[in-house]
Structure formats: C-alpha cells, structure tokens
Amino acid sequence: MTNESRAADRPLRNLDPSIGELQLEERSSLRRVAGLSTELQDVNDAEYRQLRLERVVLVGVWTEGSSAQADAAMAELAQLAETAGSDVCDALIQRRDKPDASTYIGSGKVSVLRDVIAATGADTVICDGELTPGQLISLEKAVNVKVIDRTALILDIFAQHATSREGKAQVSLAQMEYMLPRLRGWGESLSRQAGGRAGSNGGVGLRGPGETKIETDRRRIRERMAKLRREIKGMKQARDTKRHRRRATPVPSIAIAGYTNAGKSSLLNRITGAGVLVQNALFATLDPTTRRADLPDGRTVVFTDTVGFVRHLPTQLVEAFRSTLEEVVDSELLLHVVDGSDPMPLHQIEAVRRVINDVVEEQGAERPRELVVINKIDAADPLVLTELHHAVPDGVFVSAATGEGMDELLGAIMDIIASGDTEVTLLVPYCRGEVISRVHAEGAVLAEAHTQEGTRITVRLPQSVAGEVSEFLTDGTHGGAA
Ligand SMILES: Nc1nc2c(ncn2[C@@H]2O[C@H](COP(=O)(O)OP(=O)(O)OP(=O)(O)O)[C@@H](O)[C@H]2O)c(=O)[nH]1
Ligand SMILES: [Mg+2]
C-alpha cells in the first residue's frame, strides 16, 4: 500500500491552501486502512475503486422520538454513507418498540427490503444502529446481500480519513475491537473463498477474512491490538510532553470542538488563516491541528481544531481517540461549534456535551469553560435561529463563510480569557525590552508611555504572568482583579 504510507508522511498542517486540495484529491483516490485484512493488499488500484462503488439501501428502526427526528437520523445515515463513497438507492424506516431480536427489522419489513434490493440492484444494506453479530448474520441470510451497521460505517469513514500515524493506529484499534466479536459473521457468503477477493461482497466496513482463517486471525488480531495499544500510549506520552511544554509558557489554549461538519475547520481557517482541509463530508478532520493566533487585544492564544462528534459516536472510537478528546477537555476554553443550518441543532449540542461530559468525568478533570458558537447563520432557518437564541442565550452567532459575527466572537473569546486577569502598571527599564515583548504577547495593553526611567505600561495580565513580572510593579498598583 504505497499510496497509503505516502499520505501518512504528509502532514495536514500546512499554511498553503493548495495542500488541502491535494489532500482531498489524494483522499478520494486513496485506499482505506484495511484494518485487519492482510490479503486485500494484493488487490490492485482499479479493482479497489470498483469495490468502493457500492449501491446501498438504508434501514432504520424508529423506536422513540418524533417522525422528524427519525427522518433526520436517516438523513444523517445517508450523509455518512455518501461520505464513505456509497450511492444511496433507497431508505426504509420501521416503527417498532424495539429492534427485532433476530433480524433487526421485522419479517414483514425484511420481505419489503428484499424487493427494494431486487428493484434497485443494491449490493449492501446499512442499518442505523449497532447490530449484534447474530442480527447481522440473520439479516444477511434473509436478504442475501452484505449487511453492515452504522458503527461499521463510521469506522470505515475514519479509516479512509486517517492520515497521521496516531490517527491510523487509533482507527485500526477501534476497527479491530469492533471486528473481534463479529469475525464469525463474516464467513460463508462473505468469505474470501466464496466471494472472491474483488467480488461485490467487499467494500464498506467489510474487510473480513474467510471462515477457515478465523482462529488464526483472532489470535493475530489480539496481538496487533496489544501492539497498537502500546504504540498509542507511547504517542500519547510524546503528546503530553509537548502539551506540558506548551503549558509552561502560559499561552491560553482554545479547543474547537463540535458536531461533525459544523464548520470547525472553516472557523479555524477564518480566524487564523490556517489552510486546513474543509469538506462537505463527515469527519473530514481526524488529526488535531494547532495554530497560534493573536487576538485583537494583542494576546497570543493557541487554537486546536479537532475530530468531530456524532450522535452515538461508536464507543470503540471514543476509546481509541481518548488522547485526542482529553486534549479537548484539557483546554482553557472550549469553542463548541454548532451547525445553525441543521434542522435540529439542539440534538447536536446534546450529543457533543454527552461525549465531553464522559471524558471529563472519567478523567476527573475540571470542565473547561464553554462558548457555544452557532455557525452557518448565512444558511440557517430564522426559526431555528430564534430557537437557538432562547436555548443558548450566551451563544455567539457567526458565519465562517461570510465572516459575519467574527468580531463579536473574538470579543467574547477575549472577555473569557481576560476574566481571570489582573490589571497592573509596570515600570520597565529600557534594558529589559524582553519584558515589554512578553506582556504584549501574553496580556492586553491598556496604556504605554516612555518615561525617563523606562517604559510605563498598564496591562491586563493572567495572574501567573503578573506574578512573574512583579519586580516591575509601580507603587500603588497591586493588581486587583480587572
Ligand atoms: N453556508 C455555510 N457553510 C459553511 C460555513 N462554515 C462551513 N461551511 C461548510 O460546511 C462544510 C463543513 O465545513 P468544515 O469546516 O469542514 O466542518 P468541520 O466541522 O471541520 O467538519 P469535520 O472535520 O468533518 O468534522 C463545508 O462544506 C463548509 O464549506 C458557513 O458559515 N456557512
Ligand atoms: Mg474539520
């Protein structure tokens, strides 16, 4: 897989916007991380692309909530399927108290599904949920095409999008964790022996080995998982060291988090001019990108763009991406970006907060301050925006596309960052220019004058910095909170 390793070496972090384009192109021609199937490596490029052109039928069981919610869930599933490279032929929703224990949907719906498959020529069914291994097998037997679930679909997208070494390792681990208990279900009609390696049975979420190899594969997978865990741990340590080093210089860190496709990368680009890949696809960003930026008050901060969240984010992924999520939680301020053009943004907010709360709780960390940023107001329904104004009174409304609301957003960020500040007046001799540079970078300068004895500067500084420059405090200012 030469393409793949080449992509791994190419960083996402680049100021040149053309890099984003390049990466996009590469991504669409790229083969996914095969997770555990070693045999797939001998499939050539042309064959592989064929495998990816899949025609899918979506199936959902609607157990609770309004029909609008059920529709929104299916629309999201369709978007996920398209992001994975599939062609969505049709979608079926069944209203039931709970999914059928054996085939997920009831037997009546199974025969409807069979007809739809025959009529559309679909080769794959994608179910909106996480199916048990038994349900996957039974439904597959009943409809005679490949069946995958939402979790496998999301894992597949992550596998296609992972570029860094850490990202790839995290995704592989999550895929293996998902696959391990399901290996048996991938035999028979799906096995390499029966389906042939480039048969219509490959594709999204299904890179399974044949049944005869299951035992050896299980052992091999467990070994690889153990190795991956060790590697990820090592990479996390390196990352922690970096983060602590960053901490030593007190530059406030701001994490940009939120639902996938909310416009997080667009916002980072708008604020910092970073050429991060922006794409109307789910989970375009997997690797955190960090950028320094100067706020209008002169203070330097660091923004980090991160992986997006989704309703029912597969637990395997939350686990594998823990180090990334911990970094989000560990920041000083969380910019929670919400897609205002979504018909039900409140559900997005809830899904994101749920994941963040879990990570905070497990880590025993302090909750970072949160600023909700409603994005895409240029494309939003005014009624939804009104609803959001009520639900999130402290939110800031912006458009990363048009730039609307950006001044307000930066103002709100500055207020939050400055709220723990102290106002001091310093008298700094001219021979200590580095102190002046430092307070300019780390604080908000209110007044500055050149006197005989040196520079007299009034500045709002974080407490820690104020302490470090206290030798220059002028009489009478001992800092009360600003
Ligand atoms: N109309 C409109 N579209 C926007 C705005 N901001 C972003 N978009 C579009 O929304 C899509 C997703 O933008 P991204 O910045 O990639 O979103 P993201 O949150 O980083 O997405 P992931 O990394 O995939 O989780 C792209 O097609 C953007 O062009 C906005 O303010 N208005
Ligand atoms: Mg992004």
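Q: What makes strands 11, 13 and 12 an open sheet, and in which sense do they pair?
A: Let's start here, keeping in mind that this is a predicted model. The three strands line up in the order 11-13-12 and form an open sheet with antiparallel pairing. At the edges are strand 11 (421-428) and strand 12 (444-450), each of which pairs on one side only. From one strand to the next, the twist averages 15°.

Q: How do you know that strand 12 and strand 13 pair?
A: Two strands pair if there are at least two bridges between them. Strand 12 and strand 13 (residues 455-462) have six bridges, in the antiparallel sense, so they meet that cut-off. You can look for H450, which stands opposite T455 in strand 13. As a general point, strands of a sheet pair through backbone hydrogen bonds.

Q: Which strands does helix 17 lie across?
A: Helix 17 (residues 433-442) lies across strand 11, strand 12 and strand 13. Its direction is at about 40° to strand 13.

Q: Why are helix 4 and helix 7 called oblique to each other?
A: Helix 4 (residues 67-83) and helix 7 (residues 150-161) pack at an angle of about 40°. Angles under 35 degrees count as roughly parallel, and 65 to 115 as roughly perpendicular. An angle of about 40° falls in neither range, nor is it over 145, so the pair is oblique. Their axes are 9 Å apart, and helix 4 passes helix 7 in a left-handed crossing.

Q: Which residues make the contact of helix 4 with helix 7, and how do they divide?
A: Helix 4 brings L77, L80, A81 and T83, while helix 7 brings R150, L153, I154 and I157. They divide into six nonpolar, one polar and one charged.

Q: Why does A293 count as partly exposed?
A: A293 sits in strand 6 (residues 289-294). A residue is buried with 20 or more C-beta neighbours within 10 Å, and exposed with 12 or fewer. A293 has 17, in between those cut-offs, so it counts as partly exposed.

Q: With which residues is A293 in contact, leaving aside its neighbours within four places in sequence?
A: They are I271, T272, V301 and F303. As for G273, it is 20 residues from A293 in sequence and 9.2 Å away in space, C-alpha to C-alpha.

Q: What share of the residues in the chain is buried?
A: Buried residues make up 41% of the 482 residues. The chain has 18 helices and 13 strands.

Definitions and conventions. Residues are numbered from 1 along each chain as its sequence is written. Chains are lettered from A and ligands numbered from 1 in the order in which they are written. This is a predicted model: local features need pLDDT of at least 70, side-chain atom pairs count only at pLDDT 80 or more; totals for chains, interfaces and linings use all residues. Helices (H or I, at least four residues) and strands (E, at least two) are DSSP runs, numbered from the N terminus. Axes are lines fitted to C-alpha atoms, for helices over the stretch in contact, and angles run from 0 to 180 degrees between N-to-C directions. Two residues are in contact if their C-beta atoms, placed from the backbone, lie within 7 Å. A crossing is left-handed if the near helix is turned anticlockwise from the far one by less than a right angle, and right-handed if clockwise. Ala, Val, Leu, Ile, Met, Phe, Trp, Tyr, Cys and Pro count as nonpolar, Asp, Glu, Lys and Arg as charged, and the others, Gly among them, as polar.
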